[in-house]
Amino acid sequence: MKIRDILAEGKVTLSFEVFPPKTADKFDSVEMAAREIAKLDPSFMSITYGAGGGTSDYTVQIAKMIQEQGVTPLAHVTCYSSTREKVHHVLDELKENHIENILALRGDIPEGGQTPGVYHHASELIHEIRSQGDFCIGAACYPEGHPEAPSKAVDIGYLKEKVDAGCDFATTQMFFDNSIYYSYVCRVLQKGITVPIIAGIMPITTKAQVKRAVQLSGSVMPSRFLSLVDKFGDNPKAMKQAGIAYATDQIIDLLANGVRGIHIYSMNKPDVAAKIYENLSEMIQ
Ligand code: FAD
């Protein structure tokens, strides 16, 4: 099913993300984690794609397995390090496997600043995908501004370009302060962008994840969150419980304020996904 049709039903959607293995020997454990998450029967599941092409082959394989489990898959595709032939090859594979949903991304620029090939920005990939079939296309968006963007306003202008190129919805980068999401959605609407903006929530369950999340997203960590890490960061079980509670709290506030699309960066952790799902079970009916 196309995600734009799922979103158009106007119900709360809860989706989870998995990332493919970097090496073949890890494939079985990732597949098992994805299967466990699929058992929760989420609205859809997204499968990330290696920026350098390293794990891209597994993206389609895992998306196919998720589809066989009866859950709608959203396959990520990045373009910066790719060729037109490679993109067409992936699109053909997705079509052959009846996978209708793609999150179209530029991907991070590899260290050393490799020069781009044919694609410079995600909007170019969206144009390409649109010309190749009836896919439902999502894009990434950044409530705190993309780290390379000169300003948040300019970044929203480029989101508009992606929507004009044909994207059906956008998923946010992780954020830890909901007021950042609410003000972003207002500014996006003022720019005339009316596609659904799915809120991306990352449950931080280990102290090590905090540094990585800040590096990746440049997100502001609210003092309420930092004191939680300060208090429980050296106690793995307590940190996991507190991180799940914080993410749950964020989601409850989003739902209470009328947000319908929630995407969880579940990081191949079925137990974390299951706990959050259980915490919300009555609220997402
Ligand atoms: P773009 O939309 O192309 O934007 C990149 C930068 O260029 C921004 O600063 C933007 O303001 C600017 N820009 C955009 N258009 C133009 C233009 N026309 N002219 C000048 N500047 C422009 N990475 C992966 O490798 N694999 C994944 O699976 C993956 N999944 C992700 C999922 C989500 C929900 C998110 C939020 C991010 C994900 N990423 C993934 C990370 C993403 O690839 C990086 O954030 C990347 O740096 C930007 O990708 P983008 O598609 O947003 O790029």
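Me: Which helix gives the most to the shell around the ligand?

Reply: H6 does, with four residues. Keep in mind that this is a predicted model. Helix H6 spans 152-165, and strand E3 (73-78) and strand E4 (101-105) also supply at least two residues each.

Me: What makes a residue part of the group that surrounds the ligand?

Reply: One of its heavy atoms must lie within 4 Å of the ligand. In this model 24 residues surround the ligand, and the closest are Tyr49, Asp108, Tyr142, Asp155 and Lys162. By class, the shell holds 10 nonpolar, eight polar and six charged residues.

Me: Why is the pairing of Asp155 with the ligand called a polar contact?

Reply: The cut-off is 3.5 Å between N or O atoms. An N or O atom in the Asp155 side chain is 2.6 Å from a ligand oxygen, so the pair counts as a polar contact. Asp108 has such a side-chain atom 2.7 Å from a ligand oxygen. For Lys162, a polar side-chain atom lies 2.7 Å from an oxygen of the ligand.

Me: How much of the ligand does the protein bury?

Reply: Taken alone, the ligand exposes 970 Å². The protein buries 87% of that.

Me: Why are H5 and H6 called roughly parallel?

Reply: Angles under 35 degrees earn that name. The axes of H5 (residues 122-131) and H6 cross at roughly 5° and come within 8 Å. H5 and H6 are therefore roughly parallel to each other.

Me: Which residues make the contact between H5 and H6?

Reply: H5 brings Ala122, Ser123, Ile126, His127 and Arg130. H6 brings Glu161, Lys162 and Ala165. The contact has three nonpolar, two polar and three charged residues.

How values were computed: Residues numbered from 1 in each chain as written. Predicted model: local features only at pLDDT ≥ 70, side-chain atom pairs only at ≥ 80, totals over all residues. Heavy atoms only, no water. Polar contact = N/O pair within 3.5 Å; in protein donor to acceptor, adjacent residues only side chain to side chain. Areas by Shrake-Rupley, 256 points an atom, 1.4 Å probe, with all protein chains shown as cover. Nonpolar A, V, L, I, M, F, W, Y, C, P; charged D, E, K, R; others polar. Axes fitted to C-alpha atoms, helices over the stretch in contact; angles between N-to-C directions. Parallel < 35°, antiparallel > 145°, perpendicular 65-115°, else oblique. Contact = heavy atoms within 4.5 Å.
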